[in-house]
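Trainee: Could you take me closely through one part of this model, a strand and the loop that comes after, and then set that part within the rest of the chain? I would like one connected account.

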Amino acid sequence: MYFGAIKDCDIANGLGVRVSLFVSGCTHHCKGCFQPKTWNFRYGEPYTKETEERILAMLAPEYIDGLTLLGGEPFEPQNQRELVGLLRRVRALYPAKNVWCYTGYTYESDLLAPSRARCEVTDEMLSMIDVLVDGKFVLAQRDLMLSFRGSSNQRLIDLGKTRSEGCVVLLPLR
């Protein structure tokens, strides 16, 4: 896996102060994408054990609320296989921190049902994510007034409540 950037004090991609990992590789190619350079699976730098240690160290300060995964596309199968290991370590070291993930895939039809996104670690990866921002960016539905997403079709899914209630529960943010 490659990554394009790591931000250590991000306030734009989830609630609170976050560490954000921008992974490389995306097959959605949304019209109007703000990061088209990340479509290339070899954009940026290789993700290594040193990269992972750096991210874990960035998460240590008490003022950091959590980790955000975005890109590119974290749910491309080859990215999931690497990210699930990072999430295991985040959960073990920082159980009070939350994890947000942005995906162009749709939760019910692409991540829970058979699709090109599903692989052997998809369910485990989903189990370690607190908030999933799902859906492709749709330029015709762009809305700059929305919190933490770019188009009105995208949803902020509270995965903890979704798992416990058995139906999709959205975060109450505009």
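**A strand, the loop after it, and their setting**

Mentor: R18 has its place in strand β2, and since the model is a predicted one, what follows should be read as a description of computed coordinates. With a relative accessible area of 0%, R18 is buried, because that value falls under the 20% cut-off. The side chain of R18 is joined to that of T68 by a polar contact of 2.5 Å, so here a charged residue type, Arg being counted as positive, has a polar partner in the model. R18 can also be placed against a residue much further along the sequence: W100 is 82 residues away in sequence, while the C-alpha to C-alpha distance between R18 and W100 is 9.4 Å.

Strand β2 covers residues 18–23, and the loop between β2 and β3 (45–46) is where H28 is found. H28 is buried as well, because its relative accessible area of 13% is under the 20% cut-off. A polar contact of 2.9 Å links the side chain of H28 to that of E73. When residues up to four places away in sequence are set aside, the residues that H28 touches are E73, G104, Y105 and K136, so that E73 appears both as the polar partner and in this list of contacts.

The next residue to look at, H29, is also in the loop between β2 and β3, but H29 is partly exposed, because its relative accessible area of 44% lies between the 20% and 50% cut-offs. The backbone of H29 deserves a separate remark, as H29 has a positive phi of about 50 degrees although it is not a glycine. A positive phi is found at F148 too, with a value of about 60 degrees, and F148 is likewise not a glycine. F148 lies in another loop, the one between β6 (131–134) and β7 (155–158), and F148 is buried, with a relative accessible area of 19%.

Beyond β7 (155–158) we come to helix α5, which takes in residues 159–165 and holds L159. L159 is buried at 0% relative accessibility. Leaving out residues up to four places away in sequence, L159 touches Y107, L126, I129, D130 and L132. L159 and V133 are 26 residues apart in sequence, and their C-alpha atoms are 9.9 Å apart in space.

For a further loop, consider C119, which sits between α3 (107–112) and α4 (122–127). At 13% relative accessibility, C119 counts as buried, and apart from neighbours within four places in sequence it is in contact with P77, Q80 and R81. With respect to the strand where we began, S20 is a useful reference, since β2 covers residues 18–23: C119 and S20 are 99 residues apart in sequence and 23 Å apart in space, C-alpha to C-alpha.

These local pictures belong to a chain whose secondary structure comes to five helices and seven strands, and whose elements, read from the N terminus, follow the order β-β-β-α-β-α-β-α-α-β-β-α. Of the contacts in the chain with a separation of 6 or more, 65% are between residues 24 or more positions apart. As for overall dimensions, the C-alpha trace spans about 40 × 35 × 35 Å along its principal axes. The radius of gyration of the chain is 15 Å, which agrees with a compact globule, because a globule of 174 residues would have a value near 16 Å.

Burial and surface can be read alongside these dimensions: 48% of the 174 residues count as buried, and the accessible surface of the chain comes to about 8300 Å², with 55% of it belonging to carbon and sulfur atoms. The charged side chains number 21 positive and 21 negative, and the centres of the two sets lie 4 Å apart. To return to the part you asked about, R18 in β2 is buried, H28 in the loop that follows is buried, and H29 in that loop is partly exposed.

Methods:
Residues numbered from 1 in each chain as written. Predicted model: local features only at pLDDT ≥ 70, side-chain atom pairs only at ≥ 80, totals over all residues. Heavy atoms only, no water. Helix = DSSP H or I, 4+ residues; strand = E, 2+ residues; numbered from the N terminus. Rg over C-alpha atoms; globule rule 2.2 N^0.38 Å. Buried < 20%, exposed > 50% of the residue type's maximum accessible area, 1.4 Å probe, protein only. Contact = heavy atoms within 4.5 Å. Areas by Shrake-Rupley, 256 points an atom, 1.4 Å probe, with all protein chains shown as cover. Charge placed at Lys NZ, Arg CZ, Asp CG, Glu CD. Polar contact = N/O pair within 3.5 Å; in protein donor to acceptor, adjacent residues only side chain to side chain.
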